[in-house]
Amino acid sequence: MKKKQWWKQIQPLRIPSYWSIGYNKLEDLEPSELSTEDRAWLFVFVQDILYVYRKYTNKHIEHTITVDLGWYPDGDPKGSFHLIALLDSDWENPILEFSSRSKTEIVETLESWLFYDLAYYKF
């Protein structure tokens with residue numbers, strides 16, 4: 001039997017052209033469909049899943065908006081996805097935050113942030 005190509009397991013995402021992808025390891029898996037013994041908990045549901053960013057200049061100052069996605073606690077079947085948006089890597093004062101155990105909800109929220117909420121963010 002032929003092994004499934006790894007890149008075909010990545011979740012399709014709609015990302016506007018002005019965003020850059022640092023890394024994307026979001027797999028097309030719903031946590032609720034996995035048993036607690038599934039090895040995906042160790043390799044798929046980790047802290048570093050997705051990192052997208054955009055840079056732009058306002059009043060001659062360059063800023064970076066970052067969207068980060070992880071699973072917390074790392075590898076824990078009882079955990080959840082945590083999506084966060086940051087301005088200039090200010091982890092103490094996030095612009096937006098959202099948590100869910102649903103990959104579908106995370107994707108919908110991420111795409112909404114990228115196309116709407118963060119597209120019109122005012123510094």
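Start at the surface: Phe-115, Tyr-116 and Tyr-120 together make a nonpolar patch of about 390 Å². Keep in mind that this is a predicted model. From that patch, this briefing moves to the strands around strand 3, then to two serines, Ser-100 and Ser-102.

**The surface patch**

- Tyr-116, one of the patch residues, sits in helix 2, which covers residues 103–117.
- Its relative accessible area is 55%, so Tyr-116 counts as exposed, the cut-off being over 50%.

**Strand 3 and its partners**

- Strand 3 takes in residues 61–72, and nine of its 12 residues are buried, so the rest of the structure largely encloses it.
- On one side of the pairing story is strand 2 (residues 50–58), which runs antiparallel to strand 3 and is joined to it by nine bridges.
- If you want a pair to look up here, try Tyr-51, which stands opposite Asp-68 of strand 3.
- Strands 2 and 3 make a hairpin, with two residues between them.
- Lys-59 lies in that turn and has a positive phi of about 55°.
- Strand 4 (residues 80–87) also pairs with strand 3: the two run antiparallel, with eight bridges joining them.
- For a pair to check there, go to Thr-66, whose bridge partner in strand 4 is Leu-86.
- As a general reminder for looking at strands, side chains in a regular strand alternate between the two faces of the sheet.

**Ser-100, in strand 5**

- Ser-100 belongs to strand 5, residues 96–100.
- With a relative accessibility of 8%, Ser-100 is classed as buried, because the cut-off is under 20%.
- The Ser-100 side chain makes a polar contact of 2.6 Å with the side chain of Glu-105.
- Setting aside residues up to four places away in sequence, Ser-100 touches Ser-80, Phe-81, Glu-105 and Ile-106.

**Ser-102, in the loop that follows**

- Ser-102 is found in the loop between strand 5 and helix 2.
- Ser-102 counts as buried too, at 18% relative accessibility.
- Glu-105 turns up again here: the Ser-102 side chain reaches the backbone nitrogen of Glu-105 at 3.1 Å.
- Ser-102 is in contact with Glu-30 and Phe-81, once its neighbours within four places in sequence are left aside.

**Putting the serines together**

- Glu-105 meets Ser-100 through its side chain and Ser-102 through its backbone nitrogen.
- Phe-81 is on the contact list of Ser-100 and also on that of Ser-102.

Notes. Residues are numbered from 1 along each chain as its sequence is written. This is a predicted model: local features need pLDDT of at least 70, side-chain atom pairs count only at pLDDT 80 or more; totals for chains, interfaces and linings use all residues. Side-chain values use heavy atoms; hydrogens and water are left out. Patches are made of residues with over 30% relative accessible area and no salt bridge: like charges are joined within 9 Å, nonpolar side chains (Val, Leu, Ile, Met, Phe, Trp, Tyr) within 5 Å. Accessible areas come from the Shrake-Rupley method with a 1.4 Å probe; for residues, only the protein chains shown count as cover. A salt bridge is a side-chain nitrogen of Lys or Arg within 4 Å of a carboxyl oxygen of Asp or Glu. Helices (H or I, at least four residues) and strands (E, at least two) are DSSP runs, numbered from the N terminus. Buried means under 20% relative accessible area, exposed over 50%, partly exposed in between (1.4 Å probe, protein chains only). Two strands pair if DSSP finds at least two bridges between them. A polar contact is a pair of N or O atoms within 3.5 Å; within protein, one must be able to donate a hydrogen and the other to accept it, and residues adjacent in sequence count only if both atoms are side-chain atoms. Contact means heavy atoms within 4.5 Å.
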